[in-house]
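Here are a few short exercises to work through with the model open beside you. Try each task before reading its solution.

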Amino acid sequence: MPVKLTLHPPQRPARFVVVREGQDLVIGRDPACGLVVDDSRISRRHAQLRWTGQGWVLDDLESKNGTTHNGDPAQARELVDGDEIGLGGVAGRIERITDEEAQALALESAAHAESADRMRSRLRDALGPADVLQCFLHAAMELTRTERGFVVAVGPGGKLRAAAAAGLSPEAVQDERFLGSVGAVRQALERRGPVVLSDVRSDPRLGRRPSVVSLGIASLACVPIRHGTTLLGVIYVDSRKPGPALSELELETLEDMADHVGVILALSPEAAHPADRPPGYDRLVAQLQQRIEELLPAT
């Protein structure tokens, strides 16, 4: 039977790979590895799942930060269903799956790739500047299967301005739990890079934290909108309902879309001001702006 290895890099989507009988798998930062993990704690060639003829064992490849198997140093013990592994602190899990389940995962990945390509084309070819941020927000929510979100624009002097919102209510914006969403925005602004919690409840590091449970967040993604080296804004989306985890491909697509929007905003700054707004929209954006000013400093 094949095995499925799932890793949970911090602030990135969970990564998984299916390994079939007879196959070895090298994990590391090197692009030549079978599973590439872009994390500074991971060595270029960090560890290996090695086929023994009967099953797999986990070998450390003289990594800098070590490899663990169920909390102990990896010592070539056979992997079984449910085993937890650690690669320099990046948590992972081994699952036995059937051939049918492996085929279903392959079909799902292909469907995700096709959906991502459609989303890129739609944003690139059909989007006009007048409604760029609202359209981008809805496209991002569709791509990530999230329920709500907002866009924060960075103006002159680093002033932050609420520019678009969807799926939120003024009451939700005022709720103290909204601080978690703002915290993700703050991290993305400071890091100038994406912040992702994908399938939070199954994440071995985050799923047990009381703060995550109280927020009720199942997944979130926060991605900067840039033009060259200039930070123009941030898009934030999240979901409270359990569902399929955000994939690395979907995150890459979301970042591509954000870069495209960044080009539009750089050429047409007025695009950050939607012309046609639904009833209640102005009130919601005003509430969001108030919370941003309360909770976020200028960049």
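## Exercise 1: a serine and its surroundings

Ser-181 has a relative accessible area of 1% in this predicted model, so it is buried, the cut-off being under 20%.

**Task.** Find the element that holds Ser-181, then list its contacts beyond four places in sequence.

**Solution.**
1. Ser-181 sits in helix 4, which spans residues 178–191.
2. With neighbours within four places set aside, Ser-181 contacts Arg-148, Phe-150, Tyr-236, Asp-238 and Arg-240.

## Exercise 2: a helix pair

**Task.** How are helix 2 and helix 6 oriented relative to each other?

**Solution.**
1. The axes of helix 2 (residues 132–144) and helix 6 (residues 248–267) come within 11 Å and cross at roughly 175 degrees.
2. Angles over 145 degrees count as roughly antiparallel, so helix 2 is roughly antiparallel to helix 6.
3. Helix 2 contributes residues including Phe-136, Ala-140 and Leu-143, and helix 6 residues including Leu-254, Met-257 and Val-261.
4. Sorted by class, this contact has 12 nonpolar, two polar and one charged residues.

## Exercise 3: the largest core

**Task.** Which element gives the largest share of the largest nonpolar core?

**Solution.**
1. The largest nonpolar core has 29 residues, and Leu-133, Phe-136 and Leu-137 are among those with the most contacts inside it.
2. Elements giving two or more residues to this core include helix 2, strand 11 (148–154) and helix 6.
3. Helix 2 provides the largest share, eight residues.
4. Another core, of 26 residues, lies apart from this one and includes Val-154 and Val-285.

Definitions and conventions:
Residues numbered from 1 in each chain as written. Predicted model: local features only at pLDDT ≥ 70, side-chain atom pairs only at ≥ 80, totals over all residues. Heavy atoms only, no water. Axes fitted to C-alpha atoms, helices over the stretch in contact; angles between N-to-C directions. Helix = DSSP H or I, 4+ residues; strand = E, 2+ residues; numbered from the N terminus. Parallel < 35°, antiparallel > 145°, perpendicular 65-115°, else oblique. Contact = heavy atoms within 4.5 Å. Nonpolar A, V, L, I, M, F, W, Y, C, P; charged D, E, K, R; others polar. Core = buried A, V, L, I, M, F, W, Y, C linked by side-chain atoms within 4.5 Å. Buried < 20%, exposed > 50% of the residue type's maximum accessible area, 1.4 Å probe, protein only.
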